[in-house]
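Please open the model in your viewer and keep the sequence panel beside it, so that each selection can be followed in both. The tour goes from one stop to the next, and at each stop there is something to select and something to look for.

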Amino acid sequence: MTLIEQARAVRENAHAPYSKFKVGAAVQAASGAVYVGCNVENVAYPEGTCAEAGAIAAMVAAGETQIASVAVIADSPTPVTPCGGCRQKIAEFAGGDVVVTLATTDGTVLDTSVSALLPGSFDADYMSRV
Ligand code: THU
């Protein structure tokens with residue numbers, strides 16, 4: 001299965017009773033292993049988590065910290081794009097050149113990169129005087 005196919009499959013498990021907007025994400029780590037996540041909403045709305053956050057948490061829990069590629073999919077008119085917080089979460093574990101594939105469930109796919117999604121990102125270099 002491609003990364004997008006794995007994201008499409010896990011999207012089916014999304015818990016999105018409030019927004020009704022199901023999202024699936026898959027990250028391939030440096031080892032080649034793939035970690036998947038879906039959005040998990042909560043009746044206390046701010047406690048909900050994004051699909052990308054779930055996939056990244058699974059990767060880190062498995063002992064990996066390097067993202068090689070990312071895929072995200074939703075039933076959206078144009079390829080779904082990660083929220084600001086998830087862009088920062090991806091950037092924590094991915095170089096700027098890492099490919100992020102964004103897709104709609106009906107087959108439109110857009111390849112972009114971490115640096116294109118989050119230009120001028122805050123990183124540890126800014127804390128070098130601490
Ligand atoms: N959502 C994601 O999981 N990932 C994205 O890239 C965009 C938004 C979720 C959060 C919330 O559960 C629902 O989609 C509507 O915002």
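Begin by selecting strand 4 together with strand 5 (residues 109-113), which form a hairpin with four residues between them. In the turn of this predicted model, click on Gly107, whose phi is positive at about 110°. The two strands of the hairpin pair in the antiparallel sense, and five bridges hold the pairing. To see one position of it, show Val99, which stands opposite Ser113 in strand 5.

Now keep strand 4 (residues 99-104) and colour it by accessibility: five of its six residues are buried, so that the strand is mostly covered. Add strand 3 (residues 67-74), which runs parallel to strand 4 and is joined to it by six bridges. Within that pairing, select Val72 and look across to Leu102, its bridge partner in strand 4. Then trace the chain from strand 3 through helix 3 (residues 84-93) to strand 4, a β-α-β crossover that is right-handed.

Stay in strand 3 for the next selection, which is Ser69. Is Ser69 buried or exposed? With a relative accessible area of 18%, Ser69 counts as buried, because the cut-off for that class is under 20%. Leaving aside residues up to four places away in sequence, display the residues that Ser69 touches, which are Leu3, Ala26, Val27, Gln28, Val98 and Val99. Val99 is the residue already shown opposite Ser113.

Next, move to the loop between helix 1 (3-11) and strand 1 (23-29), and select Lys20 there. Most residues other than glycine have a negative phi. Lys20, although it is not a glycine, has a positive phi of about 65°. Its relative accessibility is 65%, and Lys20 is therefore classed as exposed.

Finally, select the ligand and show the residues around it, which are Ser19, Phe21, Val23, Asn39, Glu41, Cys50, Ala51, Glu52, Thr81, Pro82 and Cys83. Three of these names deserve a distance label. For Asn39, draw the label from a polar side-chain atom to an oxygen atom of the ligand, where it should read 2.9 Å. For Glu41, an N or O atom in the side chain is 2.6 Å from an oxygen atom of the ligand. For Thr81, the atom to pick is a backbone N or O, which lies 3.5 Å from an oxygen atom of the ligand. As a last view, add the protein surface: the ligand taken alone exposes 380 Å², and the protein buries 76% of that area.

Key: Residues numbered from 1 in each chain as written. Predicted model: local features only at pLDDT ≥ 70, side-chain atom pairs only at ≥ 80, totals over all residues. Heavy atoms only, no water. Buried < 20%, exposed > 50% of the residue type's maximum accessible area, 1.4 Å probe, protein only. Pairing = 2+ DSSP bridges. Right-handed = clockwise from strand over helix to strand, strands pointing away. Near = heavy atom within 4 Å. Polar contact = N/O pair within 3.5 Å; in protein donor to acceptor, adjacent residues only side chain to side chain. Areas by Shrake-Rupley, 256 points an atom, 1.4 Å probe, with all protein chains shown as cover. Contact = heavy atoms within 4.5 Å.
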